[in-house]
Structure formats: structure tokens, C-alpha cells
Amino acid sequence: MKTCDLFKQKELVLSAEVFPPKKTGNLEGVIRALKSIKSVGPDFVSVTYGAGGEGADTTADVASIAIDAFGINTVAHMTAVNMTVGKLESQVEMLNRKGIENILVLRGDVCPTSRFFDFHHASDLAEYLSTRHPEFNLIGACYPEKHPEAKTLEEDIDNLKRKIDCGITHLITQLFLDNDKFFRFLELTAKKGITVPIEAGIMPMFSAKTLEHSVSLSDASVPAEFRKLKEENPDEKEFFERGIELAVEQINALIKGGARGIHLYTMNKGEIAERILPKFKK
Ligand code: FAD
């Protein structure tokens, strides 16, 4: 099912992200994660695309396992970096063959070896796909605390509006820990005429390493309760439990505040989806 139709049918959409292995094969970890995610019946699962534009085949392999073996509604990520029209056409053919109807279009994480050919921004992919391949439903990324390369949040939201106008029907946010930033972002985007549903991307801070790494990558603000957890630095098991508790509290407050969807960054830890998603299913 297309995610735009899910939002028409449901007050709250619940989804989860997994990543494919770096190389073909080694699918056991992601299959285990999909099995756990399937057990809690998410509305869809999304499968990432390798940084630097590598890994179309592994994304399509995992996406087709999610659909065929587990019957989960699936979104395949696709990036502009290192992408040519020819490469995109063969990926589209592969996704069509596997019955995947949703693509999350992205610029992509840029590595030192990255180059841009026919597409530069996510909006270029969206424009091409919505014109040539209207059979796909297109999703985009957004950043409640602004994309690191944008000078201001306002400039980033202007670019986001251009991306929406290229055919994006739904957005998923970068991870954030401070709900006030999300609610402010909803207000600012609405003022700019962005009316598509915005799903909140939540990553449970299940270890000190996850907290440090994800905050440094995303530039997310760190509220007091997360700083306290970092300072106390409990043992691994206790950190995991408290990370789950904080994520549940954060999601509760988001839903209370009117969030239309929750997208869990699972890092292929199926237990995270099993522990969190059932609490919010209606
Ligand atoms: P864009 O929308 O192109 O924006 C990038 C920057 O360019 C922003 O600063 C924006 O303001 C600016 N901009 C946008 N359009 C224009 C324009 N027309 N003119 C001038 N400036 C413009 N990375 C991966 O490699 N693989 C993945 O699977 C993946 N999944 C992700 C999933 C989610 C939900 C999120 C939030 C991120 C994901 N990323 C992934 C990371 C993402 O690729 C990076 O954050 C990347 O730096 C930006 O991607 P984007 O699609 O937001 O880019």
C-alpha cells in the first residue's frame, strides 16, 4: 500500500527502519530484525540505501524479503549521490518487479569518493520519478533542527517546500530528542504551506555510544533527561532499559501533541520495535 493512502485511513501511522548488510549475503541480522518487527504489525518498514550511493541491490533484496517473506508494507530508500538516469531506470525496473510502491528519495550521505551526475538534490530525484514513474509514491526526509548544510531553518524549509512541490506525499524527520523542536517545526512548515503528513523519527538511546554517535551526526539538541542519563552512565543493561523508557515517554508526548506518525530507527535491533510499538497500537 502507498503510504499516502495509509495516512488517509489512519489517525496514527507506526513504522520502523532497517538497514541492509554492506555486502550481498549476511542477511541473518536484518531478517531477525524483520521477524521481530513483523510480530508487532507496523504500518510499514523502510529499508535504507548505502552511504555514498552504494548498495541498490542489497536494499532491493531486503525490501523484497520484507514484502514477500513477511508481508510487510515496504518503502525502499534511494539516493541522488552517484546516481545516473541509466542506473535509476534499472533500479526502478527492479523495484517494480518486486512490487515495491514507495520510495524515500534522498540526496544521500556524501563520502569523500561521492560524485553527482544526473541528480543533485532529493528534489531532482522526486521530479524525475513523479514525471516518468508516477506509479511510485514518494517520501522525503526533513530536519526539525535544520539540515547541517543549511544556513538557517527558514532556508531549509524553503528548500523542503520545493521538494514537496516535486511530488513528495509524506515526510520523515531526522532523529530528534527535544519534542519542542518538532512542534515548532510543524508550525513553521504549516506556515510555508507544507500540508503533507510529517512522521517523527525516533531513535531510542539504548547505549552511551548510540547517544554520543547519533547526537554528533545529527546535531540534535540534548534535553536534560538525556544529559542526566549520559552523566550517570549506568551499566549496559540499565542504559538499554532507560533508553527505551525515555523513547516511550517522548513518543507519548508526541502523540498527545498531535504527531501523525512515529518512525522508529531500530538499528536492526528488533527488540526495540517489540518493546515500543505495541504500546501505541490502537
Ligand atoms: P536534500 O533534500 O537534497 O537537502 C540537502 C541540503 O540541500 C539541505 O541543506 C537543503 O536545504 C539543501 N537543498 C535542498 N534542495 C535544494 C535546492 N533545490 N537548492 C539548493 N539547496 C537545496 N542517507 C543515505 O545515504 N541513505 C539512506 O538510506 C538515508 N536514509 C535517511 C532517512 C531519513 C528519514 C533521513 C532524515 C535521512 C536519511 N539519510 C540517508 C541521510 C540523508 O541522505 C542526508 O541527511 C543528506 O545529507 C540529505 O538528504 P536529503 O534528502 O534531506 O537532501
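**A walk through the model, from the edges to the ligand**

Let's start with Arg260, which counts as partly exposed because its relative accessibility is 29%; here buried means under 20% relative accessible area, exposed means over 50%, and partly exposed is in between, with a 1.4 Å probe and protein chains only. Before going on, keep in mind that this is a predicted model, where local features need pLDDT of at least 70, side-chain atom pairs count only at pLDDT 80 or more, and totals for chains, interfaces and linings use all residues. Residues are numbered from 1 along each chain as its sequence is written, and side-chain values use heavy atoms, with hydrogens and water left out.

Arg260 sits in the loop between helix H10 (236–256) and strand E8 (261–265); helices (H or I, at least four residues) and strands (E, at least two) are DSSP runs, numbered from the N terminus. Between the C-alpha atoms of Arg260 and Pro134 there are 25 Å of space and 126 residues of sequence. On the far side of E8, in the loop that leads to helix H11 (270–276), you'll find Asn268. Its phi is near 60°, a positive value in a residue other than glycine. Asn268 is buried, since its relative accessible area is 17%.

Now hop to helix H1 (residues 3–9), where Leu6 has its place. With a relative accessible area of 6%, Leu6 is buried. Gly55 comes 49 residues away from Leu6 along the chain, and their C-alpha atoms are separated by 28 Å.

Strand E2 (residues 44–47) holds Ser46. That serine counts as buried because its relative accessibility is 0%. Its side chain joins that of His77 in a polar contact of 2.9 Å; such a contact is a pair of N or O atoms within 3.5 Å, and within protein one must be able to donate a hydrogen and the other to accept it, while residues adjacent in sequence count only if both atoms are side-chain atoms.

His77 also takes us to the cavities, as it is one of the residues that line the largest cavity. The structure holds 2 cavities of 30 Å³ or more. A cavity is a set of points, on a 1 Å grid over the protein atoms alone, where a 1.4 Å probe fits but cannot get out, and lining residues have an atom within 4 Å of a point. Grid points are joined across faces, edges and corners, and a volume is the space filled by probe spheres set on the points. The largest cavity has about 50 Å³ of space, and Tyr49, Ala56, Met78 and Leu95 are among the residues lining it. Helix H3 (56–68), E3 and helix H4 (85–97) are the elements that give two or more residues to this lining. By class, it has 7 nonpolar, 3 polar and no charged residues; Ala, Val, Leu, Ile, Met, Phe, Trp, Tyr, Cys and Pro count as nonpolar, Asp, Glu, Lys and Arg as charged, and the others, Gly among them, as polar.

The second largest cavity comes in at about 40 Å³. Its lining includes Tyr143, Lys146, Phe176 and Ala220, and splits into 5 nonpolar, 2 polar and 2 charged residues. Lys146 is worth a pause: this residue, in the loop between strand E5 (137–142) and H6, has a positive phi near 75°. Lys146 counts as partly exposed because its relative accessibility is 24%.

That brings us to the ligand, which has 26 residues around it; a residue is near if one of its heavy atoms lies within 4 Å. Those that come nearest are Tyr49, Arg107, Tyr143, His147 and Asp156. Oxygen atoms of the ligand have polar protein atoms close by: a side-chain atom of Arg107 at 2.7 Å, a backbone atom of Ala122 at 3.1 Å and a side-chain atom of Lys163 at 2.9 Å. The protein buries 86% of the 970 Å² that the ligand exposes when taken alone, areas that come from the Shrake-Rupley method with a 1.4 Å probe. Strand E3 (74–79), strand E4 (102–106), helix H5 (122–132) and helix H6 (153–165) each give two or more residues to the shell, with H6 giving the largest share, 4 residues. By class, the shell has 10 nonpolar, 10 polar and 6 charged residues.

One last stop is Arg115, in the loop between E4 and H5. It counts as exposed because its relative accessibility is 52%. Arg115 and Val81 are 34 residues apart in sequence, yet 6.2 Å apart in space, C-alpha to C-alpha.

Terms used: 1 Å grid on protein atoms, 1.4 Å probe; cavity = no way out; pocket = protein on both sides within 12 Å on 5 of 7 lines; lining within 4 Å.
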